[in-house]
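Let's take a friendly walk through a protein model, starting with one helix and then moving on to its bonds and empty spaces. Keep the 3D view open as you read.

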Amino acid sequence: MKTLPLLILLGYLGTPLPLQAKDLRIVNANILYCNPVGDKEGYEVYIKRLDRLIAKIDKLKPDVLALQEVASCSFKWGAIWVEPAKIIEQRTGYRYYHWISEGVRGVWEEGLAFFWNPRTVTPKNIDCTHLKATAKGWGGGTIRKSLCGMDLDLTDGSVLRLYNTHLNGALSTVQTGEILERIRNEARSRDSVLLVGDFNFLPSSEGAVRIKDFGFTQLANKHVDYVFGLNLTYNAKIRIVDLKKDKTSDHDGLLIELMPPGKTQSKPRRPSKRRKL
C-alpha cells in the first residue's frame with residue numbers, strides 16, 4: 001500500500017497547512033448591520049445583501065476577512081433568527097470568530113468578526129475586548145465598541161498581529177488611546193502589526209494623528225475605513241473592493257495584499273528603521 005506524503009495527508013484530512021510562499025490576502029470591510037426593528041430592512045432584502053457579500057468572498061478568495069457590523073438579527077417580529085457569521089461559514093468553508101460588542105440579546109447582536117480560510121492560514125491567539133469608553137444609545141441602550149486581534153505566521157518566519165476595530169465617532173480619540181495602549185502591551189512579542197477597521201474619523205483628526213505618531217504608517221483609507229501598518233516585513237498592495245455600488249453595504253471594502261519582499265519590486269527597498277514598541 002502506498003503512503004501519501006505527510007503534508008498531502010494532512011491537507012486531505014482537513015488540518016490547516018502552514019502558510020506557503022504566497023501573498024497573504026486580507027479584506028477589511030464594514031458589511032452594514034441588519035436593521036430588523038420595525039422591519040426597516042426586510043428579511044428578503046438582507047439575505048440578498050448577504051448573498052452578494054458571499055459572492056464577492058468567493059471571487060476574491062481572501063485568506064482572512066476582518067469585518068465590522070456583523071450582526072445577528074431577529075426578523076419578522078421574532079419569527080426568524082439570522083446569524084450571518086454561521087451562514088458565511090456554511091457557504092464558504094471559512095472558519096470564524098464572532099465577538100458581540102453591543103445590541104439587545106435575541107433581537108440585534110452586533111460586533112466584529114474574523115473569518116479565515118483554514119486551507120491557507122492558521123491564526124493563533126485570537127482575542128477581543130470591549131473598549132471602556134461608551135456612549136448612550138437609542139432607547140437608553142449603550143453604544144459599546146471593541147478591538148479584536150489575531151496572530152498570523154508569515155513565510156519569512158515573522159509574526160504579524162492583525163487588529164480589527166470599529167470606533168464610535170464621538171469617542172474615536174479616546175478609544176484610539178485605548179487601542180494604542182493595548183497594542184503597546186501586546187505587540188512587543190510580535191514582529192509587525194496591521195490595524196484595520198471602521199474608525200469613524202477623518203485623516204486629519206486627532207485619532208489618526210495619534211496612530212501615526214505612535215509609529216504606524218497610514219497605508220490606505222476609504223471614507224472612514226483605514227489600514228495602518230507598523231514594522232511590516234512584507235510589501236503591501238491595497239485596492240478598493242466595491243460594496244456600495246450594488247448596495248452590499250454602505251461602505252466599500254479594502255483588499256490588502258501582503259507580498260514577500262522583492263516579489264513585485266524591480267529594485268529592492270531599503271529596509272526602514274524598525275520602530276520600538
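In this predicted model, helix H3 runs over residues 84–92, and its buried residues are Pro84, Ala85, Ile88 and Thr92. Why do they line one face of the helix? Looking down the axis of H3, you would find these buried residues within an arc of 105°, so they share one face. The spacing helps to make sense of this. An α-helix has 3.6 residues a turn, so residues three or four places apart point the same way.

What covers the buried residues of H3? The cover includes helix H2 (43–60) along with strands S2 (64–75), S3 (80–82), S4 (95–104) and S5 (108–116). Just after H3 comes Gly93, which has a positive phi near 85°.

**The disulfides**

Next, look for the cysteines that are bonded in pairs. How many disulfides does the structure hold? There are 2 of them, and if you number the bonded cysteines in sequence order, the pairing reads 1-2, 3-4.

One disulfide is formed by Cys34 and Cys73, with sulfur atoms 1.8 Å apart. This link is right-handed, with 85° about the S-S bond. It connects distant parts of the chain: Cys34 sits in the loop between strand S1 (24–30) and H2, while Cys73 belongs to strand S2, 39 residues apart. Both Cys34 and Cys73 are buried.

The other link joins Cys128 to Cys148, at an S to S distance of 2.0 Å. Its torsion about the S-S bond is about 110°, so this disulfide of Cys128 and Cys148 is right-handed. Cys128 is part of strand S6 (residues 124–130) and Cys148 of strand S9 (residues 146–153), so the pair ties together parts that lie 20 residues apart in sequence.

Are these two cysteines buried or exposed? Buried means under 20% relative accessible area. Cys128 counts as buried because its relative accessibility is 14%, and Cys148 counts as buried because its value is 1%.

**The empty spaces**

Now turn to the gaps between the atoms. Rolling a probe the size of a water molecule over the atoms shows where empty space is left. The table lists some of the spaces found here.

| Space | Volume | Lining by class |
|---|---|---|
| Largest pocket | about 650 Å³ | 9 nonpolar, 8 polar and 6 charged residues |
| Largest cavity | about 80 Å³ | 10 nonpolar, 1 polar and 1 charged residues |
| Second largest cavity | about 50 Å³ | 5 nonpolar, 1 polar and 1 charged residues |

The largest pocket has a volume of about 650 Å³. It is lined by 23 residues, and those closest to its centre are Tyr33, Glu102, Gly103, Trp108 and Trp138. The elements giving two or more residues to this lining are S4, S5 and strand S8 (142–143), and S4 provides the largest share, with 3 residues.

How many cavities of 30 Å³ or more are there? The count comes to 3. Residues that line the largest cavity include Val27, Ala29, Leu53, Lys56, Leu65 and Val241. S1, H2 and S2 each give two or more residues to the lining of this cavity, and the largest share, 4 residues, comes from H2.

The second largest cavity is lined by Ile31, Leu32, Tyr46, Arg49, Leu50, Leu53 and Thr248. Try finding Leu53 in the 3D view: Leu53 lines the largest cavity and also the second largest cavity.

Terms used
Residues numbered from 1 in each chain as written. Predicted model: local features only at pLDDT ≥ 70, side-chain atom pairs only at ≥ 80, totals over all residues. Heavy atoms only, no water. Buried < 20%, exposed > 50% of the residue type's maximum accessible area, 1.4 Å probe, protein only. Arc of directions from axis to C-beta. Contact = heavy atoms within 4.5 Å. 1 Å grid on protein atoms, 1.4 Å probe; cavity = no way out; pocket = protein on both sides within 12 Å on 5 of 7 lines; lining within 4 Å. Points joined across faces, edges and corners; volume = space filled by probe spheres on them. Nonpolar A, V, L, I, M, F, W, Y, C, P; charged D, E, K, R; others polar. Disulfide = S-S within 2.5 Å.
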